[in-house]
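Thanks for coming. I will go through one structure, from the overall numbers down to a few residues. Please look at the screen first.

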Amino acid sequence: MALEAMSARLTIHLSASAVWHHKPAYAEIVHRAHAAGLAGASVFHGFEGYGTHLEIHHDKPSRLRKHGPCGVVLIDTEDQLRAFLDTLEDILSVNGVAVLDRVQVHLPAPR
């Protein structure tokens, strides 16, 4: 029997070209999440999208990997993610927007 648990998801939308101290901002977020002990983090690169500048990014996938839209998705408890979000003000003030929502996590039954 599978287990269901309430959790939260923090999604940070930014440009793949966003840099923080000479490294990709998305990588800095993932490293901070790991150091904070969050349950999980993944980076997704988009093929098309736009942000506050309203310019649609669409190009060859190899170019979009470096310059297109990017999302960092983090999963943990809502309290943990809210606390973690406070540590990202330095990155988000330069580039990005964060969305926090409650989710139901489906966990496979232990074997």
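Let me start with the contacts. If we take contacts between residues at least 6 apart in sequence, 74% of them join residues at least 24 apart. Keep in mind that this is a predicted model.

Next, the layout. The protein has four helices and eight strands. Reading from the N terminus, the order of elements is β-β-β-α-β-β-β-α-β-α-α-β.

On to surface and burial. The accessible surface is about 7,500 Å², and carbon and sulfur atoms account for 57% of that. The protein has 111 residues, and 29% of them are buried.

Now the interior. Which residues touch the most other members of the largest nonpolar core? The core has 22 residues, and the ones in question are Ile-12, Ile-29, Leu-74, Phe-84 and Leu-88. At least two core residues come from each of these elements: strand S1, residues 3–15; H1; strand S7, residues 69–76; helix H3, residues 78–86; and helix H4, residues 89–92. H1 gives the largest share, five residues.

Leu-88 is worth a closer look. Setting aside residues up to four places away in sequence, Leu-88 touches Ile-12, Ile-29 and Arg-32. Two of the names in that contact list, Ile-12 and Ile-29, were also among the core residues I just read out.

That brings me to H1, which spans residues 25–35. Its buried residues are Ala-25, Tyr-26, Ala-27, Glu-28, Ile-29, Arg-32 and Ala-33. So the list includes Glu-28 and Arg-32 alongside residues such as Ile-29. Just after the helix, Gly-37 has a positive phi of about 80°.

Take Glu-28, which sits in helix H1. Why does Glu-28 count as buried? Because its relative accessibility is 16%, and the cut-off for buried is under 20%. What is Glu-28 in contact with, once neighbours within four places in sequence are left aside? The partners are Trp-20, Lys-23 and Ile-91.

The last residue is Ala-16, found in the loop between S1 and strand S2, the latter being residues 19–20. Is Ala-16 buried or exposed? Ala-16 is buried, because its relative accessible area is 7% and the limit is 20%. In sequence, Ala-16 and Phe-44 are 28 residues apart; in space, their C-alpha atoms are 9.5 Å apart.

That is the end of my part.

Notes. Residues are numbered from 1 along each chain as its sequence is written. This is a predicted model: local features need pLDDT of at least 70, side-chain atom pairs count only at pLDDT 80 or more; totals for chains, interfaces and linings use all residues. Side-chain values use heavy atoms; hydrogens and water are left out. Buried means under 20% relative accessible area, exposed over 50%, partly exposed in between (1.4 Å probe, protein chains only). A nonpolar core is a set of buried Ala, Val, Leu, Ile, Met, Phe, Trp, Tyr and Cys residues joined through side-chain atoms within 4.5 Å. Contact means heavy atoms within 4.5 Å. Accessible areas come from the Shrake-Rupley method with a 1.4 Å probe; for residues, only the protein chains shown count as cover.
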